[in-house]
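Student: Could you take me on a close look at one part of this structure, the salt bridges? I'd like to see how the charged pairs sit in the fold.

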Amino acid sequence: MSQSAEEESLILPDGRTLCYTTFGVSPSLSSSSSSSHTQSRSKDQQQIPTVFYFHGLPGSQVEGRSAHQAASAKGIRIIALSRPGYGGSTYQPNRTLLSYPPDVLALADHLNIRQFAILGISGGGPFALACVHGLPRERLIGAMVVSGMYPVELGMSGMMLINRLLFNLTPWVPMRLLSLVLDFFVGRVARDNKKLAMAMAQTFESRPAEDMVAIHAEEDKVLKVMVDSTKDSFRHGALGFACEAKLFSIPWGFDLKDLKVEKEKGEGKTRLVIWHGEKDVNVPLQMAEKAAKMIPDCEFKVERNEAHISLFANKMDEIIDTLLAMF
């Protein structure tokens, strides 16, 4: 499987399209259509450690490319999904955070994946936590939240101004108007790769130096993924972005203290690892600290010399190792 893997899709029970891309390793393919081959591939599907990758805000399944190299080396399959309204995935009106776990389970069933883990990066974090709350424990063996977003009621002190403005204002702005505003200010730039790359690079000039170094390392490797993912997220407009900005700004529909996780693996048990950078200004460390304290038996790790982007850019091998240990 190459880093330019093709987009695939699933028609969900309600008729929506869910788009996804597979990175890392994948089941062996063959031109044979025999029943024995079908059974063999089904067995392959179940044996390969599989992680569902939840992208940031905004973003799309393209972001999963950032995990491809590490996952390939470790023998893990990464299935990156585009949430409703992003990329080619159908927008879902009136959805909540807890609307997402059934979509994930439908894809797992479609691909014959009995057990799996979840990796939520940045804005994918709330959906990873929603899955810990809403998915059967015999299916979800673990989840990892890296540089994740947490409920705004935990306090946004130390968060960069643009994010504080977004999460303070969005609850009061009608969805369609918010979508138009976001499309005008972000979407029109996002549709031009060159302009988007320049704009992103410029915004990082005022971020922690660790993030600036991370996006430009290896000939702008991370920056290119972010550009491609952001552009794809606006494929059909800004409704996906607008919806999630609202969802993050209001009560989530479940309490973190009610999440049931264990520190050891085993049948019917779900591990939860939260990993955050001390220098993160997108989501300040204190939010992650407060969230982790609310979740009994959550495993919490702080990287003192990392920021928001640099954490997963520099530590992807360790992230994949942590996920692999859940199987």
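Tutor: Happy to! Let's start with Glu210 and Lys279, whose side chains meet in a salt bridge at 2.7 Å, N to O; bear in mind that the model is a predicted one. Glu210 belongs to helix α8 (residues 209-233), while Lys279 sits in the loop between β7 (271-277) and α10 (285-294), so this pair ties together parts that are 69 residues apart in sequence. Glu210 has a relative accessible area of 22%, and because buried means under 20%, this residue counts as partly exposed. Lys279 is partly exposed as well, at 32%.

Now set beside it the salt bridge between the side chains of Arg83 and Glu244, at 2.6 Å, N to O. This pair also links distant parts of the chain, 161 residues apart: Arg83 is in the loop between β4 (77-81) and α3 (100-110), and Glu244 is in helix α9. Here both partners are buried. Helix α9 (residues 239-249) is also the element that gives the most to the largest nonpolar core, with seven residues. That core has 98 residues, and Phe54 is among those with the most contacts inside it. Arg83, in turn, is one of the residues in contact with Phe54.

A third pair is Glu318 and Lys315, whose side chains meet at 3.6 Å, N to O. Glu318 is partly exposed at 33% relative accessible area, whereas Lys315, at 17%, counts as buried. These two join Lys301 and Glu303 in a network of salt bridges. Across the whole structure there are 22 salt bridges.

How values were computed. Residues numbered from 1 in each chain as written. Predicted model: local features only at pLDDT ≥ 70, side-chain atom pairs only at ≥ 80, totals over all residues. Heavy atoms only, no water. Core = buried A, V, L, I, M, F, W, Y, C linked by side-chain atoms within 4.5 Å. Buried < 20%, exposed > 50% of the residue type's maximum accessible area, 1.4 Å probe, protein only. Helix = DSSP H or I, 4+ residues; strand = E, 2+ residues; numbered from the N terminus. Contact = heavy atoms within 4.5 Å. Salt bridge = Lys/Arg side-chain N within 4 Å of Asp/Glu carboxyl O. Lists of a residue's contacts leave out its neighbours within four places in sequence.
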